[in-house]
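Visitor: I'd like to go through a structure with you and ask how each label was earned. Can you show me one?

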Amino acid sequence: MTAAVFFGCAFIAFGPALALYIFTISTEPLRIIFLIVGAFFWLVSLLFSSLIWFMTTTLTDNKDEPREKYLLIFGVLISVLIQEMFRFAYYKLLKKASEGLKTINPYEEAPSMRLLAYVSGLGFGIMSGIFSFVNTLSDSLGPGTVGIHGDPPQFFLNSAFMTLVITLLHVFWGIVFFDGCAKKKWYTLLVVVLSHLLVSALTFISPHYGLNLVLAYIIMVLTGVWAFFVSGGSCRSLKLCLLCQDKDFLLFNQRAR
Amino acid sequence: MLTFMASDSEEEVCDERTSLMSAESPTPRSCQDGRQGLEDGESAAQWRSQESEEDHEDEDPDRYVCSGVPGRPPGLEEELTLKYGAKHVIMLFVPVTLCMIVVVATIKSVRFYTEKNGQLIYTPFSEDTPSVGRRLLNSVLNTLIMISVIVTMTIFLVVLYKYRCYKFIHGWLIMSSLMLLFLFTYIYLGEVLKTYNVAMDYPTLFLTVWNFGAVGMVCIHWKGPLVLQQAYLIMISALMALVFIKYLPEWSAWVILGAISVYDLVAVLCPKGPLRMLVETAQERNEPIFPALIYSSAMVWTVGMAKLDPSSQGALQLPYDPEMEDSYDSFGEPSYPDVFEPPLPGYPGEELEEEEERGVKLGLGDFIFYSVLVGKAAATGSGDWNTTLACFVAILIGLCLTLLLLAVFKKALPALPISITFGLIFYFSTDNLVRPFMDTLASHQLYI
């Protein structure tokens, strides 16, 4: 496989996340720290879910194929539940940290919960994307032909797009989840968990890439719109922003003169 | 068996430099005893700042940084506190990340550093035995020998420092940096050129290595721009880490990492620990740190007479001001506090009344052992990037927690234990548990 595949798939999968990082996170040190702590939480959740999967596979140690596939599916579902549990745990930690920051210095603005929701979602998303895709990506630099035994040749592209959609979904889920926790709307949490399970379950039908990807992107767009409205956006503010008439843009323009 | 003639000097480089320190201002206007002066390169992590009044400290005992700049209203001080805390963490994340990136990139591309080619004389027992018990025993023995060598070196250094044999220490450090900057760079360059099949003639090679090494010696031991000095310190830490990764056998490396973090903990926190004694002696004598053994992330602010100069906030890296040299002892330390800002031309009313430096210092040994951990994770484990990344994140989180503790306790702290513990836990668990899970998922194209 060629360098073109490598770079193309790398930028497809990680480009938007990198852009989000560069433009929103890398300017503020506190946000970088919260991002890394979020990534750490996702990592710990992955550790626990791998532990459970590993235990189940070693305990039921027979080599028939369907059993292994079922155990893998079970592993995936448990992993989704554990990830969402850790997202909740991170929310609790951030709430405590926020209060701590406020008491330490009441004059300085600590980051708002919404911002932390975005940062934590991005942390989860980046780590999830990296762990899912980076080994595949490094294999794409090596020699070989994809699909030589009849498998679909678009393996890399499909993985790259799926990684992208998972990363963005984590960002939106983070925003919606934290908002649900803050306003005590528990049905929001349930919807997030169910949509995560749905997206993961959709990947079980993996040879049929088209359906899998299209449905995942539809869910991403819906969740994105929901997150936009939850974080305070509205149709009017979007219109003003797109027509470059919003307050920030106008103030920025005045300052430049 | 490969032996290193002047290895003791490398040990030097790696043993004491295992903790965090915070920078201090050169102008000795500190009000507290022992909060003045400069840390030496030992495992002293102090979140000290230019303390000129104690009253501010008393008001806010739980602040991250005690800021005591005269003329600054207390609200403004508190306002700046947390920003400094997070900024300092990032100022350490960046060099640690860079060092790890250099080491991992080299390990993944240059095959020389993953080939088994003999062992150091400090780890004489071979791990080529088939039985697990024997191998474990050999690695534990290797660790004991290595740690005792390091302890001996440290105690020797403390004794030399106590009896003021500065010339000897200085010569020792110069020898070790000469070796790192010339010999190891030459070997590294040779291997990189071999890997990419690039030919270079000897005159060019000589010129390149000579320039690199000479500028490095000047920057590290004498004067130079801060960024260049930081870059050289990162490079020599990476070179040292690569040497360890190549010459330490598998299991010995992991046991040594564990043992050295325990040693670091003991040496820095115990009252009679060598590193703690070194720090306290340096503080009593109000002397600067050893050169070439500590990475400083200094930032300088110039505070005007009556008002805070807003344009001078932030990391202003300016060339070394030779005026400050005379306030230091015979070391002529460049590494500490090397940057001062002359009065800004746009503010005619301001004078350079107070220089305040706030920065954190991290020992080079910490860089080396973090990079050894991540490099070993990248070298072993069948081309798996997940393990490497997991160790990387774990080490950064450990560093973050250590800095948090530093802000809370405000005294010398070892930087190795928390990070190395997290790193080891994540290495073994990711390699054995997460890797099969993620590989199976990736091959079936399932996403979690």
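Guide: What follows is a chat about salt bridges, a helix, a pocket and a cavity in this predicted model.

Visitor: Let's start with charges. What makes the contact between E84(A) and R87(A) a salt bridge?

Guide: The cut-off is 4 Å between a side-chain nitrogen of Lys or Arg and a carboxyl oxygen of Asp or Glu. For E84(A) and R87(A) the N to O distance is 3.0 Å, so the pair qualifies. Both sit in helix α3 (residues 65-104) of chain A, 3 residues apart, or about one turn of the helix.

Visitor: And are E84(A) and R87(A) buried or exposed, and how do you know?

Guide: Buried means under 20% relative accessible area. E84(A) has 3% and R87(A) has 0%, so both residues count as buried.

Visitor: How do you know that K183(A) pairs with D179(A)?

Guide: Same test: the closest N and O atoms of K183(A) and D179(A) are 3.0 Å apart, and the limit is 4 Å. So this one is a salt bridge too.

Visitor: Why is K183(A) called partly exposed, and what is D179(A) called?

Guide: K183(A) comes out at 46% relative accessibility. Partly exposed runs between the 20% and 50% limits, so the label fits K183(A). D179(A), at 13%, falls under 20% and therefore counts as buried.

Visitor: What about chain B: what makes R276(B) and E280(B) a salt bridge?

Guide: Their side chains meet at 3.2 Å, N to O, which is within 4 Å, so the name holds. R276(B) and E280(B) are 4 residues apart in helix α9 (residues 274-285) of chain B, so about one helical turn separates them. R276(B) has a relative accessible area of 24% and E280(B) has 33%, so both are partly exposed.

Visitor: Why can such side chains pair at all?

Guide: Opposite charges can pair when the charged atoms come close. Over all chains, the search finds 6 salt bridges.

Visitor: On to a helix. How do you know how the span of α5(B) compares with what is expected?

Guide: Helix α5 (residues 166-195) of chain B has 30 residues. At 1.5 Å a residue the expected span is 44 Å, and the first and last C-alpha atoms are 42 Å apart, which is close. There is a bend of about 30 degrees at T185(B), and just after α5(B), N197(B) takes a positive phi of about 55 degrees.

Visitor: Now the empty spaces. What makes the lining of the largest pocket free of charge?

Guide: Only Asp, Glu, Lys and Arg count as charged, and the lining has 30 nonpolar, 4 polar and no charged residues. The pocket's volume is about 1200 Å³. Of its 34 lining residues, I126(A), I130(A), I101(B), L389(B) and F392(B) lie nearest the centre. Elements giving two or more residues to that lining include α4 (113-139) of chain A and α11 (385-409) of chain B.

Visitor: And what makes the largest cavity a cavity rather than a pocket?

Guide: In a cavity a 1.4 Å probe fits but cannot get out, whereas a pocket is open. By this rule there are 4 cavities of 30 Å³ or more. The largest cavity has a volume of about 90 Å³, and its lining includes F131(A), S159(A), M438(B) and Y447(B). The elements giving two or more residues to that lining are α4 of chain A and α12 (416-444) of chain B. By class, the lining has 7 nonpolar, 4 polar and no charged residues.

Methods
Residues numbered from 1 in each chain as written. Chains lettered and ligands numbered in written order. Predicted model: local features only at pLDDT ≥ 70, side-chain atom pairs only at ≥ 80, totals over all residues. Heavy atoms only, no water. Expected span 1.5 Å × (residues − 1). Bend = angle between axes of the 7 residues up to and from the residue. 1 Å grid on protein atoms, 1.4 Å probe; cavity = no way out; pocket = protein on both sides within 12 Å on 5 of 7 lines; lining within 4 Å. Points joined across faces, edges and corners; volume = space filled by probe spheres on them. Buried < 20%, exposed > 50% of the residue type's maximum accessible area, 1.4 Å probe, protein only.
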